[in-house]
Amino acid sequence: MKTEKEKMMSGEYYNAFDPELVKGRRTAKNLLHTLNVKEYRVTKKAKEVLKELIPNTGAGFYIEPPFHCDYGYNIFAGDNVYFNVNCVVLDCAPVTIGSNVFIAPNVQIYTAHHPLDAELRKTLENAYPVTIGDDTWIGGNSVICPGVTIGKGCVIGAGSVVTKNIPDNSLAVGNPAKVIKKLNQESESNK
């Protein structure tokens, strides 16, 4: 039989109040308290706390506090990833971020999903992974919803709500976010 954590990681319904999951969130909250309150400036100690909280990162990973997440261990980031202030990552499922990604203030990345059925919602939830490709910029106050993949070379306009996948090299804006322009395309005059 699967543990609640295994169910969570595989997208099945799980009980978020399972003791193992509660302990994981409590560990993250204690580290976040140190980062967001005691070590608010990015010091050597703050970098150590970040490495313990989010161990699966490349070189040049940087978070400007305050920052919030559920577990931390489900965040995977490449090189040169920058989170500006007040970002939230609900990492009940993996959040995979490529290299050279800029995440503006107040961006929220959600993997947690809740049933529409009110009775089921009282005790269970599920989670779907989020992937953000290399060389992407997520504009301020954007929301990335569960299960979304944002391709490489994208720009998500400020205030967007991304509910569906965004293909590589796209500018997407709005609520819900829609692709309004292809980016990084060689112009006809350069051929």
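Which residues does Ala177 touch, not counting residues up to four places away in sequence? Keep that question in mind while you look over the model, which is a predicted one; the tour comes back to Ala177 further on.

**The whole chain**

Begin with the entire chain selected and shown as a cartoon, where the secondary structure comes to four helices and 19 strands. If you turn the C-alpha trace along its principal axes, you will find that it spans about 60 × 45 × 25 Å. The radius of gyration of the chain is 17 Å, which agrees with the value near 16 Å that a compact globule of 191 residues would have. Switch to a surface view, and what you see is about 9900 Å² of exposed area, of which carbon and sulfur atoms supply 54%. Beneath that surface, 45% of the 191 residues count as buried. Among the contacts in the chain with a separation of 6 or more, 27% are accounted for by residues 24 or more positions apart.

**Residues 5–59**

Next, select residues 5–59, where UniProt, in an unreviewed entry, places the feature "domain: Maltose/galactoside acetyltransferase". This span is 64% helix and 4% strand, and its end C-alpha atoms lie 28 Å apart. Within it, pick out helix H2, which covers residues 19–38 and holds Thr34. Is Thr34 buried or exposed? Thr34 has a relative accessible area of 16%, and because buried means under 20%, Thr34 counts as buried. Show its side chain together with Glu39 and Val49, which Thr34 touches when residues up to four places away in sequence are left out.

**The nonpolar cores**

Now hide the surface and select Phe67, Phe83, Ile97, Ile103, Ile109 and Ile150, which are the residues with the most contacts inside the largest nonpolar core, a set of 40 residues. Such a grouping fits a general pattern, since in soluble globular proteins nonpolar side chains tend to be buried together. Centre the view on Ile150, and leave aside residues up to four places away in sequence; the residues that Ile150 touches then include Ile132, Ile138, Ile144, Ile156, Val162 and Ile166, and also Thr131, Gly133 and Thr136. A second core, separate from this one, has nine residues, including Ala16, Leu21, Tyr71 and Ala93.

**The cysteines**

How many disulfides does a search of the whole structure find? The search finds zero. Select Cys145, and you will see that the nearest cysteine sulfur, that of Cys92, is 14 Å away. Cys154 is likewise in no disulfide, as its nearest cysteine sulfur, that of Cys145, is 16 Å away. Both residues can be looked for inside the model, for Cys145 counts as buried at 18% relative accessibility, and Cys154 counts as buried at 1%.

**Unusual backbone places**

The following stops concern the backbone, so display its atoms; most residues other than glycine have a negative phi, and most peptide bonds are trans. Select Pro65 and Pro66, which are joined by a cis peptide bond with omega of about 0°. Pro66 is in the loop between strand S2 (62–63) and strand S3 (67–69).

Move on to Asn100, in the loop between strand S7 (95–97) and strand S8 (101–103). Its phi is near 60°, a positive value in a residue other than glycine, and at 32% relative accessibility Asn100 counts as partly exposed. Then select Asn141, which is found in the loop between strand S13 (137–138) and strand S14 (143–144). The phi of Asn141 is near 65°, again a positive value in a residue other than glycine, and Asn141 is partly exposed, with a relative accessible area of 47%.

**Back to Ala177**

For the last stop, go to the loop between strand S18 (170–173) and strand S19 (178–182), where Ala177 lies. Pro176 has its place in the loop between S18 and S19, and the peptide bond from Asn175 to Pro176 is cis, with omega near 0°. Ala177 counts as buried, at 12% relative accessibility. Now show the residues that answer the opening question: Ala177 touches Ser160, Val161, Val162 and Ala172, not counting residues up to four places away in sequence. Finally, draw a distance from the C-alpha of Ala177 to that of Ile97, and the two, 80 residues apart in sequence, turn out to be 19 Å apart in space.

Conventions. Residues numbered from 1 in each chain as written. Predicted model: local features only at pLDDT ≥ 70, side-chain atom pairs only at ≥ 80, totals over all residues. Heavy atoms only, no water. UniProt positions renumbered as here; feature names shortened; annotations may be inferred. Helix = DSSP H or I, 4+ residues; strand = E, 2+ residues; numbered from the N terminus. Disulfide = S-S within 2.5 Å. Buried < 20%, exposed > 50% of the residue type's maximum accessible area, 1.4 Å probe, protein only. Core = buried A, V, L, I, M, F, W, Y, C linked by side-chain atoms within 4.5 Å. Contact = heavy atoms within 4.5 Å. Rg over C-alpha atoms; globule rule 2.2 N^0.38 Å. Areas by Shrake-Rupley, 256 points an atom, 1.4 Å probe, with all protein chains shown as cover.
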